[in-house]
Structures are given as structure tokens and as C-alpha cells.
Amino acid sequence: MKIPPPFNWLWSAWKIFGAAVGKAMSKVILTILWIAGFGLYAIILKIMRLFAKKSRAPDTYWIDVPPPQPGDLHRQF
Amino acid sequence: MIPGSRPRNILGVSCYYHDSATCLLREGEIVFAAHEERYTRKKHDESLPVNAVEHALRHAGIAIGDVDAVCFYEKPLLKFLDRIVPTYIEHWPRGFLSYHSAMHEWMQKKLWIPQNIRKELGYEGPVLFTSHHESHAASAYYASGFPDSTVVTADGVGEWATAAIGYGKGTDLKLVKEIHFPHSLGLLYSALTYYLGFKVNSAEYKVMGLAPYGEPKYIKEMRELIEIRDDGSFRLNMRYFSFEHGLRMTGPEIERLFGQPTRKPEGPLLQFHKDVARSLQEITEEAMLKIVGYARQICPSDNLCLAGGVALNCVSNGKILRSGLFKEIFIQPAAGDAGGALGAALAVWHREYGGARLPKMEHAFLGNAYTQEEIEAYLKEQGLPYEKLDDEALMETVAGLLAGECPVQGPETSKEETGSRIIGWFQGRMEYGPRSLGNRSILADARNKENWRKVNLKIKFRESFRPFAPTILEERVSEYFALDRESPYMLLVANTLAHRRSEIPAVTHVDGSARVQTIRRDQNRRYYDLVKAFERKTGCPVIINTSFNVRGEPIVESPKDAVNCFLHTQMDYLVMGNCLISKAKMMGAAKVDTETYLKKFRLD
Ligand SMILES: [Fe+2]
């Protein structure tokens with residue numbers, strides 16, 4: 001769609017403004033998630049860990065790899 | 001293939017971390033493989049390899065609709081939900097800034113990989129996913145031609161795994177053991193690369209090149225950073241690293257440990273930095289030797305396949321070879337994440353389609369080529385003078401230039417025109433993997449020590465300590481180096497034989513070692529013929545081969561890139577196809593602004 005001047009620069013300015021608001025909003029939302037979601041979960045985990053027994057260092061740091069499952073190539077996890 | 005049916009095409013894709021690439025398989029055969037950075041001219045470009053895919057399809061003469069499956073080289077949801085999010089929770093409230101930038105990336109593109117592949121490639125078929133280390137392992141084992149093999153992968157990190165051991169037999173490949181993030185040999189190397197003032201995910205090989213200048217004085221400190229068990233399993237002391245939650249790899253703790261601040265990029269290189277590099281290299285070699293030793297015990301074979309970024313450490317590879325643990329070793333040339341594209345496609349070919357093994361990958365010339373007509377059309381369009389020679393005359397002339405013969409005898413020959421010349425060499429299909437192996441290379445006479453300095457400082461504009469690799473005719477490798485086999489991908493370091501060191505000083509590192517590339521005629525006819533012609537003239541079967549680029553620039557892809565790089569450096573001649581272009585003759589025809597050209601590339 002072609003927009004004639006002076007509306008074309010108004011449209012460009014509006015798009016820049018929209019992008020800036022979007023960026024600010026995503027920062028705000030991510031910050032809320034950081035505090036309310038991640039933070040809450042992290043605090044619970046930290047409290048639970050206070051009561052957990054300390055595990056000894058294992059004999060090896062190698063971990064067994066589970067065998068491939070049928071259809072796993074089709075999954076993102 | 002069933003008679004009458006069309007061949008099956010599988011596209012492997014690796015992207016969104018660094019060094020994105022694609023690989024096209026047709027009935028299990030590698031038809032095309034290339035890095036996206038070569039087309040976009042952005043070093044280590046991580047974007048979806050749209051340009052590389054376009055070239056792959058054009059090369060194969062097919063459309064995207066003919067592709068039966070696209071396979072991404074790792075499992076994004078596993079990585080995000082199982083590692084990235086829990087790691088941030090684990091370190092909360094630290095990691096706020098890193099979390100913001102990571103979440104933006106994941107929300108914008110990394111969580112939408114199938115959608116992005118479909119949208120950007122115009123593809124409508126199935127999108128499959130292999131695990132990161134399965135991709136690495138498959139890229140090495142399935143391309144090795146071995147009937148069976150022990151497989152070891154090691155890198156920074158995939159989903160969880162940072163190193164893995166597996167076994168391949170026939171078309172079956174299984175990983176059996178792995179080490180999990182944050183304990184990572186690749187990240188240890190990257191963290192120390194950062195501490196030494198070099199660029200992470202880019203300049204690790206500089207640290208490897210720096211190591212021979214130092215002494216292993218900091219092994220005790222290294223053992224504080226990493227605990228290595230006898231079975232090769234290891235654990236990082238995370239007190240010293242901040243890559244789990246920070247924007248930097250290391251912090252003040254490591255500075256306290258070594259008693260020196262983090263080196264500033266481009267800052268002075270002291271003996272201390274060289275000693276740290278050497279100590280890091282030694283500890284990496286120790287870990288890798290123990291890992292492959294344990295791998296040999298639990299997945300026994302006479303053959304070893306190596307892949308993952310750590311497998312690009314050719315000094316460590318050389319030590320593994322000399323340990324005698326394995327009779328044969330195959331290291332995939334694109335051992336880093338770009339090679340994941342190849343591994344993902346090969347894994348799908350075998351696991352999803354039950355395809356047959358392909359023969360050994362004998363060379364890495366898998367990218368696109370330019371015809372003689374295309375090269376000449378470009379030179380004519382630019383008004384650049386050139387001389388066209390037939391194959392035989394070309395090899396004779398170029399070998400003569402490398403050896404220092406005067407091409408034009410006469411009164412106009414200036415003093416500068418005598419002595420060995422430095423040649424830009426652009427031929428055939430582009431290499432897959434980080435090394436130039438004779439189709440996009442800068443070549444020089446290895447017998448001339450001065451060439452080391454000249455190519456580093458006046459042509460590549462890079463640090464003077466950086467060593468150069470030799471290309472040698474395969475049939476003569478053991479006459480010059482302590483190596484009894486091929487090394488076609490420059491991924492093995494061997495010592496130059498003591499009595500040869502003074503003959504080829506420009507490719508012998510300070511510790512007497514060399515990063516050898518062997519060449520056979522069936523791997524690259526033109527390049528072999530050139531080295532052979534040089535041998536006929538001089539008796540020496542060795543030349544310098546370094547990548548055709550300047551510091552921070554991706555290796556040249558097209559005649560345009562080659563001419564640009566040639567014009568802005570002090571190379572003497574450029575050879576593209578059968579065209580010989582002389583710098584002296586063309587300077588009037590082209591205006592050059594070297595400074596502006598170099599500014600286009602961020603230093604690596
Ligand atoms: Fe990797």
C-alpha cells in the first residue's frame with residue numbers, strides 16, 4: 001500500500017513508536033515474570049534445599065544416555 | 001532407491017547459535033554443504049541459512065518442494081525448558097540481564113524453529129529434530145566410512161550434554177555416556193579465551209596457536225578450575241565461571257586465582273598470557289586423552305570418530321593419534337556446530353529412512369562453484385585486466401610465481417617484482433568447515449620465513465604470532481612431518497622433522513610443530529597439480545595455505561569477494577579459474593580504500 005506524503009512519514013513514525021512501546025512492554029512483562037514466576041519458584045527451591053541431605057561426589061561424572069525412542073526425531077524435546 | 005521412484009532429499013540445518021550452515025543429502029550422498037556466513041559476509045552468521053539453502057537447491061537442480069525432510073541439528077524445547085529456564089531459576093536473582101537478552105532471542109525466533117523454517121524457506125514438509133550431540137556424532141561416524149567406531153564428541157554445550165561417548169556399527173549409532181552442562185571442556189576453553197582477551201566462539205584457535213610460546217606454569221590453577229577423573233569425566237569449579245547467569249564468561253574470582261586482570265582485547269600479550277594458554281592447552285589434552293581412553297574401554301573399536309568444537313583442537317587431536325589407542329581416526333572437517341547440519345541430515349537418512357551407509361567423505365569441497373565464463377564475465381564487467389592460461393600453463397606459471405621466478409622478463413620488470421609472490425587462489429567448489437583447503441586459499445612459499453610475517457601483517461592484517469599451515473603432497477608427508485597418514489582437513493598437528501625445519505620455516509611453529517594438510521589428486525586435481533608443479537620446480541612438496549580472507553572477514557565465496565580481498569591487501573597475484581590477475585597491472589584499473597574495506601569486518 002502506497003501512502004502519500006505527509007501521511008507516509010506519519011505512518012513511519014507510528015511504526016517506530018509502536019515498536020518502542022512493544023519493546024518496553026516486553027521488558028516490563030519479562031521483569032514481572034522474573035520476579036513473580038522465576039523468583040517464587042526459586043525461593044521455594046532454595047527453602048527445600050535447606051532441608052535436603054548433601055549428596056556425596058559421585059565416583060564418575062559420566063551420565064547414562066537413555067536409548068533413542070521411536071518417533072523422537074519428530075519431537076522438539 | 002526403488003526403481004522408478006525419485007531420489008529422496010534431506011536438508012540438514014544448523015543455526016541460531018553461531019556458524020549456521022546447511023547440508024543437502026540426496027539418497028544419503030552429500031550433494032552440497034556450506035556456511036551461511038560466506039554468502040551474507042557476516043562472520044559466524046547465526047541466522048537461518050536461507051542463502052546457503054538457495055545455493056544448495058540450485059546446485060542440485062531441485063526446488064524446495066522436492067525436499068522430503070528438513071532436520072534441525074538440536075532439540076530446541078529440551079534446551080529451553082529443561083536447561084535454560086531451570087538454570088535461571090537455579091541462579092535467581094542473579095542473571096537478570098542475561099535472562100532478558102536470552103528470553104528475547106527465544107521468544108522471537110528460537111521457539112519458532114519449524115515455523116521459521118517453513119516461512120523463510122517456503123517449505124511445507126516435515127521438520128525433524130536430532131539432539132545436538134547426536135548430530136555431532138552422526139556427522140563424524142556416518143561420514144567416516146568405518147564399519148564400526150568408538151565415537152567421542154566434545155563442545156561448549158548442546159541441550160544438556162557437553163561431551164558424549166558412543167558407538168557406531170553399520171548404520172546403527174548410539175550415544176551411551178555424556179557429561180552435562182555447566183561442566184564443559186568447550187566452555188572452559190572459551191572462558192579462558194575470554195580471560196586472555198580474545199573473542200569467544202571465534203578465537204579459541206588463536207589461544208591454541210599462542211600456547212607453544214608459553215610454558216605450562218599454571219597447571220595447578222587449571223586443576224582448581226577443572227577436576228578430571230581417571231575415566232575422563234570432569235567437573236568445573238563454578239566459583240570461577242559466570243557463563244551460567246552472566247553476560248561474561250568469567251569474573252573477579254579467576255583474576256584472583258591467576259593474580260592478573262582479564263586482558264583487554266588487542267591489549268599487550270605478555271608471557272603470562274602465553275603461559276596460561278599453554279597450561280589450558282595441556283589440561284585440555286589431558287582431559288581428551290582420558291576421555292578417548294575411557295571411550296575405548298566402554299565402546300571398544302580400533303577406529304575413533306571425533307566431532308564437536310573441541311575436535312577442532314588439532315594439537316589435542318595429534319596427541320590422541322600419537323597415543324596409539326586407535327588405529328584409525330576420522331575427524332569431520334566441519335567439526336563445530338556448522339557440521340551439525342551434516343550430522344542431522346545423516347541421522348535422519350539412517351534412522352528415519354533406513355538408508356545405506358555412504359562411502360568415506362574424502363574431501364570438503366561441497367559448496368558452490370563459479371564457471372570460467374562467470375569469472376571472466378565478472379572481470380570484464382569490472383574492467384580488470386587478466387591473462388587466460390590453459391591448465392598446464394597456469395600451474396607452471398603460478399608455481400613459478402610462488403617460487404619467485406620472474407613472470408615478465410624485460411626492462412619494465414621492477415625490483416619489487418622479484419622474489420616469491422603471494423597468490424590468491426580461487427577455484428572450484430567452496431570448502432565446508434572453517435578451513436580453506438585449496439579452493440579459497442592464499443598461497444605462498446613455505447621455504448621463505450619472511451612470508452610468515454608478510455602474510456600475517458600485510459595480507460591478513462592479523463596478529464604476528466599466528467602460525468600458518470602447510471599443504472603437502474600426501475605421498476611425501478612422512479618425509480617432512482612425523483605423520484604416517486593423510487590429514488586432508490588440517491585437523492592434525494604433527495612435528496616437522498628436525499632436518500626439515502630450516503627448509504620450511506614459514507609453516508613450522510616455534511615448538512617445531514605444524515598443522516598439516518595433505519592433498520591427493522583425487523581430492524582436488526587442480527590444487528594437487530599446482531603443488532606438484534611447485535615440487536617439480538623447487539624439489540619442495542610443501543606450500544603455505546591460509547584462508548582467503550582478512551581478519552574478521554568470512555572466507556571469500558564469489559569472484560567479487562575474491563577481487564575485493566585481493567585489491568585491499570598486498571597479495572601479488574589472484575588466480576580465479578584459468579585467469580591470472582596481476583596486482584601490478586591492475587592498480588590503475590581499480591580504486592582501493594583499504595581502511596574502509598577493513599572496517600567492514602569486526603576483529604575476531
Ligand atoms: Fe556443538
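**Close-ups of a two-chain predicted model**

At 10% relative accessibility, Asp561(B) counts as buried, because the cut-off for that label is under 20%. Everything in these panels comes from a predicted model.

**Panel 1. Asp561(B) pairs up with Arg41(B) in a salt bridge.** The side chains meet at 3.6 Å, N to O. Asp561(B) sits in helix 19 (residues 559-567) of chain B, while Arg41(B) is in the loop between helix 1 (37-40) and helix 2 (50-60), so the pair ties together parts that are 520 residues apart in sequence.

**Panel 2. Arg500(B) and Glu479(B) make a salt bridge within chain B.** Here the closest N and O atoms are 4.0 Å apart. The two ends come from distant parts of the chain: Arg500(B) from the loop between strand 17 (492-495) and strand 18 (513-519), and Glu479(B) from helix 17 (residues 477-480), 21 residues apart. Arg500(B) is buried, at a relative accessible area of 16%, whereas Glu479(B) is partly exposed at 32%. Both belong to a network of salt bridges that also takes in Glu475(B), Arg476(B), Glu503(B), Lys532(B) and Glu535(B). For context, the structure holds 50 salt bridges over all chains.

**Panel 3. Lys177(B) reaches across to Asp64(A).** This salt bridge brings the closest N and O atoms to 2.5 Å. It runs between chains, from strand 8 of chain B, home of Lys177(B), to strand 1 (residues 63-64) of chain A, home of Asp64(A). What is buried and what is exposed in this pair? Lys177(B) is the buried partner, with a relative accessible area of 18%, and Asp64(A) is the exposed one, at 52%.

**Panel 4. Chain B and chain A bury about 3,600 Å² between them.** Carbon and sulfur atoms account for 64% of that area. On the chain B side, Ile89(B), Trp92(B) and Tyr99(B) lose the most area to chain A, together 21% of what that side buries. The contact draws 42 residues from chain B and 32 residues from chain A. Polar links are there too: 3 salt bridges cross the interface, along with 25 residue pairs in polar contact. Several elements of chain B each supply at least two residues to the side that touches chain A, among them helix 3 (76-91), helix 4 (96-108), strand 7 (161-169), strand 8 (172-180) and helix 11 (271-298).

**Panel 5. Helix 7 of chain B is largely enclosed by the rest of the structure.** Why say so? Because 10 of the 11 residues of helix 7 (residues 185-195) are buried. Those buried residues include Leu185(B), Leu188(B), Tyr189(B), Leu192(B) and Tyr195(B). Their cover includes helix 8 (204-210), helix 9 (219-225), strand 9 (226-228), strand 10, helix 10 (252-258) and helix 11 of chain B. At the N-terminal end of helix 7, Ser184(B) acts as the cap, with a side-chain oxygen 3.3 Å from the backbone nitrogen of Gly186(B). Just after helix 7, look for Gly197(B), which takes a positive phi of about 85°.

**Panel 6. A nonpolar patch shows on the surface of chain A.** Trp11(A), Trp14(A), Phe17(A), Val21(A), Met25(A) and Ile29(A) form this patch, with about 650 Å² of accessible area together. Ile29(A) lies in helix 1 (residues 7-51) of chain A. With a relative accessible area of 52%, Ile29(A) counts as exposed.

Methods
Residues are numbered from 1 along each chain as its sequence is written. Chains are lettered from A and ligands numbered from 1 in the order in which they are written. This is a predicted model: local features need pLDDT of at least 70, side-chain atom pairs count only at pLDDT 80 or more; totals for chains, interfaces and linings use all residues. Side-chain values use heavy atoms; hydrogens and water are left out. Patches are made of residues with over 30% relative accessible area and no salt bridge: like charges are joined within 9 Å, nonpolar side chains (Val, Leu, Ile, Met, Phe, Trp, Tyr) within 5 Å. Accessible areas come from the Shrake-Rupley method with a 1.4 Å probe; for residues, only the protein chains shown count as cover. Helices (H or I, at least four residues) and strands (E, at least two) are DSSP runs, numbered from the N terminus. Buried means under 20% relative accessible area, exposed over 50%, partly exposed in between (1.4 Å probe, protein chains only). Contact means heavy atoms within 4.5 Å. Buried area is the accessible area (1.4 Å probe) that two parts lose on being put together, summed over both. A polar contact is a pair of N or O atoms within 3.5 Å; within protein, one must be able to donate a hydrogen and the other to accept it, and residues adjacent in sequence count only if both atoms are side-chain atoms.
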